[in-house]
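Dear colleague,

I am handing over the structure we spoke about, with the sequence alongside, and below it you will find my notes on what turned up. Please read them with the coordinates open.

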Amino acid sequence: MVRPTKFEMSQTSSGSSLTLSIAGELDMQTIEVLAARVDQNRKQQFTSLTLDLGELAFMDSSGLKYLIELNDRSQSEAWRLKLIRPRHAAAATVLRVTGADTFLPFEREAGP
C-alpha cells in the first residue's frame with residue numbers, strides 16, 4: 001500500500017512574474033502536478049518563475065531531476081528561474097549532497 005503524499009501548491013503572479021510556493025513532499029507522486037502547473041502557466045509567457053521551496057519537507061531524486069530540467073529549460077526558452085531554498089533539512093539534503101545547491105539558481109539568503 002502506498003501512503004498518501006502531502007503536497008500543497010499556491011500560485012501568485014505579478015505582471016509576467018509567477019511564483020509557485022510548494023509545501024510538503026516533491027517526489028515521483030507529486031512532480032507531475034508541479035510540471036503540469038508550470039506547463040499550463042508557460043502558455044501565459046511568464047518571463048520569471050520563482051519556485052518557493054521554503055516549506056518543502058522532503059524531496060527525492062525525481063524532484064531534483066525536475067529542478068535541473070527546469071533550469072536547463074529556462075535557459076533555452078529565455079526566461080528566468082529563481083529558487084528559494086527549503087528550510088527543512090530533509091528537503092535540503094538532496095540538494096547539498098549532490099552539489100545542486102551551488103549550481104541551481106537559488107536566491108541568496110538574507111545576511112545580517
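In this predicted model, α1 passes α2 in a crossing that is right-handed. Two packed helices are in general described by the angle between their axes and the distance between the axes. Here the angle is about 15 degrees and the axes of α1 and α2 lie 11 Å apart, and because an angle under 35 degrees counts as roughly parallel, α1 is roughly parallel to α2. On the side of α1 the contact is made by I31, L34, A35, V38, D39 and R42, and on the side of α2 by S62, G63, Y66, L70, R73 and E77.

R42 also has a second role to note, since its charged end sits over the ring of F46, 4.8 Å from the centre of that ring. F46 in turn belongs to the one aromatic pair that the structure holds. Its partner is W79: the two ring centres are 5.2 Å apart and the planes stand at 85 degrees, so the pair is edge-to-face. The pair links distant parts of the chain, with F46 in the loop between α1 (31–42) and β3 (48–59) and W79 in the loop between α2 (61–77) and β4 (80–84), 33 residues apart. Both F46 and W79 are buried.

The same two loops each hold a residue whose backbone deserves a look. Q45 is found in the loop between α1 and β3, and its phi is near 60 degrees, which is a positive value in a residue other than glycine. A78, in the loop between α2 and β4, likewise has a positive phi near 60 degrees without being a glycine. Q45 is exposed, with a relative accessible area of 51%, and A78 counts as exposed at 71% relative accessibility.

Two further residues may help you to find your way around. Q75 has its place in helix α2 and is exposed, with a relative accessible area of 59%; its C-alpha atom is separated by 24 Å from that of M9, the two residues being 66 residues apart along the chain. K82 is found in strand β4 and, leaving aside residues up to four places away in sequence, touches S48, L49, T50, L51, P105 and E107. Between K82 and F103, which are 21 residues apart in sequence, the C-alpha to C-alpha distance is 12 Å.

With best wishes

Notes: Residues are numbered from 1 along each chain as its sequence is written. This is a predicted model: local features need pLDDT of at least 70, side-chain atom pairs count only at pLDDT 80 or more; totals for chains, interfaces and linings use all residues. Side-chain values use heavy atoms; hydrogens and water are left out. Rings of Phe, Tyr and Trp (its six-membered ring) pair if their centres lie within 6.5 Å; planes under 30 degrees apart count as stacked, over 60 as edge-to-face and the rest as tilted. Helices (H or I, at least four residues) and strands (E, at least two) are DSSP runs, numbered from the N terminus. Buried means under 20% relative accessible area, exposed over 50%, partly exposed in between (1.4 Å probe, protein chains only). A charge sits over a ring if NZ of Lys or CZ of Arg is within 6 Å of the ring centre and within 35 degrees of the ring normal. Axes are lines fitted to C-alpha atoms, for helices over the stretch in contact, and angles run from 0 to 180 degrees between N-to-C directions. Angles under 35 degrees count as roughly parallel, over 145 as roughly antiparallel, 65 to 115 as roughly perpendicular and the rest as oblique. A crossing is left-handed if the near helix is turned anticlockwise from the far one by less than a right angle, and right-handed if clockwise. Contact means heavy atoms within 4.5 Å.
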